[in-house]
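User: I have a chain to go through with you. Please take my questions one at a time and end each reply on the answer itself.

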Amino acid sequence: MGSPEGWNSASSSPPLAEGIGWAICLGFGAVFSLLTTLLVWLENRYSGTEQSSEHFNTAGRTVKTGLIAAVVCSQWTWAATLLQSSNVAWQYGVSGPFWYGAGAAVQILLFGILSIEIKRKAPNAHTVCEIIRARWGSTAHKVFLAFCLLTNMLVTAMLLLGGAATIEAMTGLSVYVAAFLIPLGIITYTFADGLAATFLSNYLHTIILHAVLIVFIVAVYLYPLPGGRSQLGSISDVHSRLIRLNSYTVEECASRGFLAGSTGGSGVSACGPVIGNREGSSLTMFSQGGMMFAIINLVGNFGTVFVDQSYWQAAIAARPSAAVKGYLLGGLCWFAIPFALATSLGLACLALELPLTAAQANAGLVPVASAVELLGTGGGVLMLLMVFMAVTSCGSAELIAVSSLLTYDVYKTYLRPNASGDELLKASRWCVVGFGLLMGVLAALLEIVGLALGYVYLLMGVLVGSAVFPIAACLLWRKASAQGAILGAVGGMVVAVAAWLGTAAATAGDAGLTLETTGESIPMLVGNLVAILVSMGLTTGYGLIWPDEYDWSDTRALQGIGEGVGKLDETQVEGEGDEEVVVGGGREGGRTTTAAAVVDAVMEAEMDPKRLREAKKFVLKWGVFFSVVMLLLWPLLSLPAGAPFSLPYFSLWVWIGILWGCLSSVIITVMPLAESKEAIKQVVMGMWTDLGGGGKVGSTERGGVVEGTVEEVIPAKATVVG
């Protein structure tokens, strides 16, 4: 890596060889793509799944809790999650990782409410814009389709740029080359099986992310690992180093290669007292900058969840029971990634006294510098792998999300309303290819314009935050009207952009409007708040003065393409958890029952209105509870610790992150496997039969048949109600 001072030098050589960048982008991307495609092929072969536009875009609407949690966790782990969370730790100390995690986990927890409302009010929808069109008509549909596509494009460009810039900084591989290479593998497996392949790849990506997270936690706080030039390996060592760093004077910082004595100005390094923090300490929750970032992060991220089709797609694909628990579990597990990673690598960068500039930190190099310093080349490769996993995981989710929007909300709605399922499947696949190739162009445009990862991350709320409340109101408030929703979304964005630029001009003085002045915290804070609040005021005011009285009959009437939720002719059924139950006739004299009918019966039971109302109460209660804990109780309980944290309190803080990270890793890895044990068993048995000369084996998940009468295949603990 060179000397620590090398991080301040534009001429310093990358710590890793350029070949490693090519190997990650092409070699690992190709292997992972082939693995995902193979696993999808095996699942389809031995489960009897038939490819259709419905399955391509909804994964059959039967995804279980563990996989939904893993998918949500993976989709919300952007490159920014890994890079910018450590940047705010570098800037504000311990408050940065906490507010990054808490301020972005709340949206996932609360989105669970909308995920169950989809099942209640639009069970056969494919996209959120399809729901909007059914309720509010074509004009509103076009407006919110534009917001959704803008969100997807900004997210895609930002995550690709973050990954490509990190690869360039680490290996020297051109950021433009990396931006075009990374999507190639994503296109391959998404083209093959759509959302199901995306979910499978997200699960595999998440396993790797959590494994690497554990390695970094160990290296920083538990045991010094070999390979790097410096070592930490204990909580007390990090604590004492941070206190010493905050005590340095300007002269002492300069003698150690830092550019200045604080984090307070342009181009300076994190050394000396932290401006805006009590006692200038990194070890406190009393942080003005941290609190300002918390508000921006909280408000801005509502737009990147509620207006992003990929999260709606996961909710659409989930079983009702999985939608309830999956989002709650996914949000809680995701919190561990930015919190534990940034508390480790972000604070390690400060403790190791690595003199990065503010520009380098904003480019996402804080965790990279720490990883290389602690673990050498191996640490750099692990960090690259982690970023690559995050980029490809989110990239595949954005890819299938845009494909669904273009297929159902453009092609089927305005170009070929009578398109068949086969035509829609072809359109979906071509949209995957088209947007996949465009992804690199979007990232390159951001790089050419000079927009840093941190800048775009903060700007997202200004541009799309105004669409949050109207979209939520579409499913939650019967009085919300089309005119009010459009006024709130468009008017809120216009006012927000004006407030953002006006505040930047007022605070910039003679400097005028530049990327630097418009990217400051205060203008971004004002813009994000105005977007949400003005939109909420306009939509609510219009709805109260000229109310709509909507009953969601049109949204409930939305139909799937070529297949739908199974219907029961005789009796309602009810099961515990993921148990499979069936009521109705079999075939051949009632001695066999199709396994597809078993699954359809379970889905029918879970769609029971009473159960859905109970599910809504559950997710509302626990979503609000965990949000209050993260945003109010935890921060308030940390204030008596003062500044700086004592060693025992800091140890408690770190151990919460360690245990949370480890528990999250176990849940995300084991739970999907446990829930899919029957499907895995079926694939293994099918492969064994094929190798032994047998034929294809049906699956108990969807394909094949179950021997016996209906009564014989109903699980003993299922409850059947007449």
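User: How many of the 12 residues of helix 17 are buried?
Analyst: This is a predicted model. Helix 17 is largely enclosed by the rest of the structure. Its buried residues include Leu453, Tyr455, Met460 and Val464. The count of buried residues is 12 of the 12.

User: What span should helix 17 have, and how far apart are its end C-alpha atoms?
Analyst: Helix 17 covers residues 453-464. At 1.5 Å a residue, its 12 residues should span 16 Å. The distance between the end C-alpha atoms agrees with that, at 17 Å.

User: How many helices and strands are in the protein chain, and what percentage of its residues count as buried?
Analyst: The protein chain has 27 helices and 4 strands. It runs to 722 residues. The buried share is 58%.

User: Among contacts between residues at least 6 apart in sequence, what percentage join residues at least 24 apart?
Analyst: Contact here means heavy atoms within 4.5 Å. Pairs at least 6 apart in sequence form the base of the figure. The part joining residues at least 24 apart is 82%.

User: Where is the kink in helix 1 centred?
Analyst: Helix 1 spans residues 18-47 and reaches 43 Å from its first C-alpha to its last, close to the expected 44 Å. The helix still has a kink of about 35°. Ile24 is among the buried residues of helix 1, as are Gly21 and Cys25. The kink is centred on isoleucine 24.

User: Which helices are included in what covers the buried residues of helix 1?
Analyst: The buried residues of helix 1 include Phe32, Thr36, Val40 and Tyr46. Their cover includes helix 7, helix 8, helix 15 and helix 26.

User: Which residue marks the centre of the kink in helix 16?
Analyst: The 29 residues of helix 16 should span 42 Å, and its end C-alpha atoms are 41 Å apart, which agrees. After the helix comes glycine 450, with a positive phi near 95°. The kink itself is about 25°. Its centre is methionine 439.

User: Which cysteines does the disulfide join?
Analyst: The cut-off is a sulfur pair within 2.5 Å. The count comes to 1 disulfide. Its S to S distance is 2.0 Å, and it joins cysteine 253 to cysteine 271.

User: How far apart in sequence are the parts tied together by cysteine 253 and cysteine 271?
Analyst: The link is left-handed, with -90° about the S-S bond. Both cysteine 253 and cysteine 271 are buried. Cysteine 253 lies in helix 10 and cysteine 271 in the loop between helix 10 and helix 11, so the tied parts are apart by 18 residues.

User: Why is there no bond between cysteine 129 and cysteine 148?
Analyst: Cysteine 129 is buried, at 1% relative accessible area. Its closest cysteine sulfur is that of cysteine 148. A disulfide needs the sulfurs within 2.5 Å. The bond is absent because the sulfurs are too far apart, at 3.7 Å.

User: What angle do the axes of helix 24 and helix 25 make?
Analyst: The axes come within 12 Å. Met630 and Trp634 of helix 24 are among the residues making the contact, as are Trp653 and Trp660 of helix 25. Angles over 145 degrees count as roughly antiparallel, and these two helices are therefore in that class. The crossing angle is roughly 150°.

User: Which peptide bond is cis, with omega near -10°?
Analyst: Look in the loop between helix 24 and helix 25, where proline 644 is found. The cis bond runs from alanine 643 to proline 644.

User: Is glutamate 279 buried or exposed?
Analyst: Glutamate 279 sits in the loop between helix 10 and helix 11. Its phi is positive, about 60°, although it is not a glycine. With a relative accessible area of 64%, glutamate 279 is exposed.

User: Is tryptophan 552 buried or exposed?
Analyst: Tryptophan 552 lies in the loop between helix 21 and helix 22. Its phi is also positive, near 65°. At 4% relative accessible area, tryptophan 552 is buried.

Conventions
Residues are numbered from 1 along each chain as its sequence is written. This is a predicted model: local features need pLDDT of at least 70, side-chain atom pairs count only at pLDDT 80 or more; totals for chains, interfaces and linings use all residues. Side-chain values use heavy atoms; hydrogens and water are left out. The expected span of a helix is 1.5 Å times one less than its number of residues. The bend at a residue is the angle between axes fitted to the seven residues ending there and the seven starting there. Buried means under 20% relative accessible area, exposed over 50%, partly exposed in between (1.4 Å probe, protein chains only). Axes are lines fitted to C-alpha atoms, for helices over the stretch in contact, and angles run from 0 to 180 degrees between N-to-C directions. Angles under 35 degrees count as roughly parallel, over 145 as roughly antiparallel, 65 to 115 as roughly perpendicular and the rest as oblique.
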